[in-house]
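Let's work through this one together, a question at a time. Have the sequence and the 3D view ready, and try each question yourself before reading on.

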Amino acid sequence: MQAKDNPTQTTTRQATLPIALAGAASIPGLAMLLADRDLPHPVEALAFGAAIVGAAFLLSWAAEAAQLDVSAGLALAVLALIAVLPEYAVDFVFAWQGGNSFEQFGPSCPPIGGGTESPCSLALANMTGANRLLIGIGWSMVVLIAFRQSRRAKRDPGEGGRWEGVKLDRRRSIELAFLAAATLYSLALPLKHSVTLVDAVVLVAIFIAYTIRVSTAPAEEPHLIGPAAAIGELRPAVRRTAVVGMFAGAAAVILLFAEPFAHALVESGTDLGISEFLLVQWLAPLASEAPELLVAGLYAWRLNANAGLSTLVSSKVNQWTLLVGTLPIVFAIASGGAHGLPLGARQREEIFLTAAQSFFAIAVLSNLSMSLREAGWLFGLFWAQFILGATLPTEWQASELIAFGVVYLALGARLLLADRRRLPRLFRDGFRASHEELASST
């Protein structure tokens with residue numbers, strides 16, 4: 001008669017297979033680097049991108065499990081950086097290349113290598129794509145999955161069987177208030193010709209203030225799922241060793257492959273006749289955002305949509321403050337001066353659309369809930385803009401970006417005007433209310 005596995009053995013197997021697969025994702029790319037052979041650029045982009053996706057999953061699982069062993073304040077400060085490291089690495093490559101180009105050729109910031117797009121433009125393409133994807137697909141996806149699962153489980157909370165949407169607890173007012181502050185500031189960026197070091201100071205200061213605010217909150221029991229939960233159940237010494245090893249290995253992979261991936265992606269656009277801007281704007285962020293989207297989707301699938309949406313809101317705060325704020329710093333270092341990251345007409349339009357989408361999303365969540373209809377608006381507008389942006393002639397693209405931005409602003413203003421108490425209440429809870437008061441009403 002076969003002996004049953006004990007819980008520890010089962011847990012170890014649950015953690016080992018996905019982690020091994022994520023680690024193995026870097027093997028093809030590593031082999032390409034060591035072989036030093038000229039392969040088709042799309043093949044290189046696929047291999048290097050797979051390595052970054054695998055590393056992003058490792059970082060995500062390790063960061064979740066680390067919450068069991070790190071103090072709340074340190075966890076929030078450090079994990080905020082770790083969670084978006086893949087996104088930062090790729091974006092910093094383009095910002096650094098842009099600084100080098102600016103130093104050699106001036107404000108025109110011409111392409112480096114075989115590409116046709118300015119690296120300054122590509123740095124902003126990656127940033128705007130990541131931010132819009134997080135809201136347009138991520139936030140709406142959580143609500144859509146939660147709706148489907150609630151209907152399947154016949155656990156509709158609304159009266160008469162009507163589903164009332166995903167509701168966040170009052171403590172999430174903190175993330176939303178700081179995101180609102182960053183968004184209101186960013187609406188002025190399209191009026192400028194560069195993202196300056198002053199902008200960097202303001203946005204990084206918002207992130208630091210946010211980190212200080214949340215670091216004083218009482219420690220919460222983390223909600224771990226999948227490999228992170230399996231790692232969390234290991235003995236403390238084994239768990240800590242595993243987490244440190246995953247952090248170190250994933251960080252090494254990201255640092256090793258970020259530049260080759262960025263280069264291969266640009267060259268693939270040239271080889272295939274596809275816009276480099278679109279590839280960098282959407283394909284690169286999709287690779288780095290995949291773990292967060294998957295984790296949030298799993299939360300919603302298990303009818304814990306509050307945790308899923310909260311995770312993505314926190315990621316949006318990090319991206320819209322720290323990522324945007326550090327790009328001009330990297331650019332300034334690479335350019336050897338205090339010059340701001342240049343903004344051409346296309347970049348100003350992209351930032352305007354991204355800030356406008358963020359404004360609408362905050363207006364939707366300012367009452368700490370998102371209905372199925374509101375999620376549909378976020379999802380539908382994102383895909384409508386994506387499809388039109390990819391198919392319209394070049395001369396129409398500027399008008400299309402501005403038009404969608406105006407629609408986002410109009411919809412957001414309509415929500416806020418209909419309930420004028422939304423923003424004051426959100427700012428009061430986010431900036432001033434004690435953690436005890438926020439927790440008492442959850």
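Q: Which residue's side chain meets Glu 350 in a salt bridge?
A: Keep in mind that this is a predicted model. A salt bridge needs a side-chain nitrogen of Lys or Arg within 4 Å of a carboxyl oxygen of Asp or Glu. Here the N to O distance is 3.0 Å, and the partner of Glu 350 is Arg 132.

Q: How many residues apart are Glu 350 and Arg 132?
A: Look at where each one sits: Glu 350 belongs to helix H13 (residues 345-365), while Arg 132 belongs to helix H6 (residues 119-153). Their pairing links distant parts of the chain, and the separation is 218 residues.

Q: Are Glu 350 and Arg 132 buried or exposed?
A: To count as buried, a residue must have under 20% relative accessible area. Both members of this pair, Glu 350 and Arg 132, come out as buried.

Q: Is Arg 421 buried or exposed?
A: Arg 421 also takes part in a salt bridge, with Asp 419, where the closest N and O atoms are 3.7 Å apart. Its relative accessible area is 60%, and the cut-off is over 50%, so Arg 421 counts as exposed.

Q: Where does the kink in H6 have its centre?
A: Check the helix end to end before hunting for the bend: H6 has 35 residues and reaches 49 Å from its first C-alpha to its last, close to the 51 Å expected at 1.5 Å a residue. There is still a kink of about 30° in H6, and its centre is Met 141.

Q: Which residue caps the N-terminal end of H6?
A: Go to the start of the helix and find the backbone nitrogen of Cys 120. A side-chain oxygen lies 3.1 Å from that nitrogen, and the capping residue it belongs to is Ser 118.

Q: How many of the 35 residues of H6 are buried?
A: One example is Ser 121, which has its place in helix H6. At 5% relative accessibility, Ser 121 counts as buried because the cut-off is under 20%. H6 is largely enclosed by the rest of the structure, because the number of its residues that are buried is 28.

Q: Which residues does Ser 121 touch, not counting those up to four places away in sequence?
A: Leave out the sequence neighbours up to four places away, then see what remains in contact with Ser 121. The answer is Phe 277 and Gln 347.

Terms used. Residues are numbered from 1 along each chain as its sequence is written. This is a predicted model: local features need pLDDT of at least 70, side-chain atom pairs count only at pLDDT 80 or more; totals for chains, interfaces and linings use all residues. Side-chain values use heavy atoms; hydrogens and water are left out. Helices (H or I, at least four residues) and strands (E, at least two) are DSSP runs, numbered from the N terminus. Buried means under 20% relative accessible area, exposed over 50%, partly exposed in between (1.4 Å probe, protein chains only). The expected span of a helix is 1.5 Å times one less than its number of residues. The bend at a residue is the angle between axes fitted to the seven residues ending there and the seven starting there. A polar contact is a pair of N or O atoms within 3.5 Å; within protein, one must be able to donate a hydrogen and the other to accept it, and residues adjacent in sequence count only if both atoms are side-chain atoms. Contact means heavy atoms within 4.5 Å.
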